[in-house]
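Please examine the sequence and the structure displayed here before reading on. The paragraphs after them are intended for a reader who has not met this structure before.

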Amino acid sequence: MIVAALALTGPLTGTASVAQGTSVAFGTLQQDPNAPVELAADQLAVDQASGTAVFTGNVLIGQGEMRLSAARVKVIYAENQNGIERLEATGGVTLVSGQDAAEAARADYNIESGVIVMTGDVLLTQGTNALTAERMTVNLESGTAQMSGRVKSILQPGGD
């Protein structure tokens, strides 16, 4: 197993609001946006010429209590090779914070803008409630999210 620690300039956390004014909190834990990001994977391939690294096989990314897992994650470094520009995760992507989880076919995380775009059969679950859409855009800095592309919600009525 390959394990790498990366320093990011943006957080992997936030509270999300869904389009049409419905507020959805994502995650229950306070995150340190300056905490190091740890990557673990079965394999790593680095391309110095293109400034990329590709982690494959059971990829797990962690920052504080936030977790992102996928079959493959491509890391694109900034042009000056001083930090990470973005992460591209594909293959059964899962983003988890606390008891909340979002699943999708792909997630693109732009470190500079603090935006994660999850696409391809997005499923957001919070306890027994679920939201589905084709796309979910999360702005980590403002703590907002937009779900688009045939949004469907399953809400369980309160009980004891």
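The following explanation moves through strands, the residues within them, and the charged side chains.

The model under discussion is predicted. A suitable place to begin is Thr-52, which belongs to strand S6, a strand covering residues 52-63. Is Thr-52 buried or exposed? Its relative accessibility is 10%, and because buried means under 20%, Thr-52 counts as buried. The side chain of Thr-52 also has a polar partner: a polar contact of 2.9 Å joins it to the side chain of Ser-50. Leaving aside residues up to four places away in sequence, Thr-52 touches Ala-45, Val-46 and Asp-47, and it also touches Lys-74, Val-75, Ile-76 and Tyr-77.

Strand S7, which spans residues 66-77, contains Ala-71. With a relative accessible area of 40%, Ala-71 is partly exposed. Partly exposed is the term here because the value falls between the limits of 20% and 50%. Which residues does Ala-71 touch when those up to four places away in sequence are not counted? They are Phe-55, Thr-56, Gly-57, Asn-58 and Val-59, together with Thr-90 and Gly-91. One of these residues, Thr-56, is 15 residues from Ala-71 along the chain, yet the C-alpha atoms of Ala-71 and Thr-56 are separated by 5.9 Å. In a regular strand, side chains alternate between the two faces of the sheet.

The next topic is the pairing of strands further along the chain. Strand S10, residues 115-126, pairs with strand S11, residues 129-139, in the antiparallel sense, and ten bridges are found between them. Within this pairing, Ile-116 stands opposite Val-138 of S11. The hairpin of S10 and S11 has two residues between the strands, and in this hairpin Gly-127 adopts a positive phi near 65°. Strand S11 has a further partner in strand S13, residues 152-154; the two run antiparallel and are joined by three bridges. Thr-132 has Lys-152 in S13 as its bridge partner.

Attention now turns to charged side chains. Side chains of opposite charge can pair when their charged atoms come close. How many salt bridges are counted in this model? The count comes to four. One of them joins the side chains of Arg-86 and Glu-85, with an N to O distance of 3.0 Å. Arg-86 also forms a salt bridge with Glu-88, where the closest N and O atoms are 3.1 Å apart. Arg-86 is partly exposed at a relative accessible area of 28%, and Glu-85 is partly exposed at 32%. Glu-88, by contrast, has a relative accessibility of 15% and counts as buried.

Arg-106 and Asp-108 form another salt bridge, with 2.9 Å between the closest N and O atoms. Arg-106 is partly exposed, having a relative accessible area of 29%, and Asp-108 is likewise partly exposed, at 24%. These pairs do not stand apart: Glu-85, Arg-86, Glu-88, Arg-106 and Asp-108 are linked in a network of salt bridges.

Note on methods:
Residues numbered from 1 in each chain as written. Predicted model: local features only at pLDDT ≥ 70, side-chain atom pairs only at ≥ 80, totals over all residues. Heavy atoms only, no water. Helix = DSSP H or I, 4+ residues; strand = E, 2+ residues; numbered from the N terminus. Buried < 20%, exposed > 50% of the residue type's maximum accessible area, 1.4 Å probe, protein only. Polar contact = N/O pair within 3.5 Å; in protein donor to acceptor, adjacent residues only side chain to side chain. Contact = heavy atoms within 4.5 Å. Pairing = 2+ DSSP bridges.
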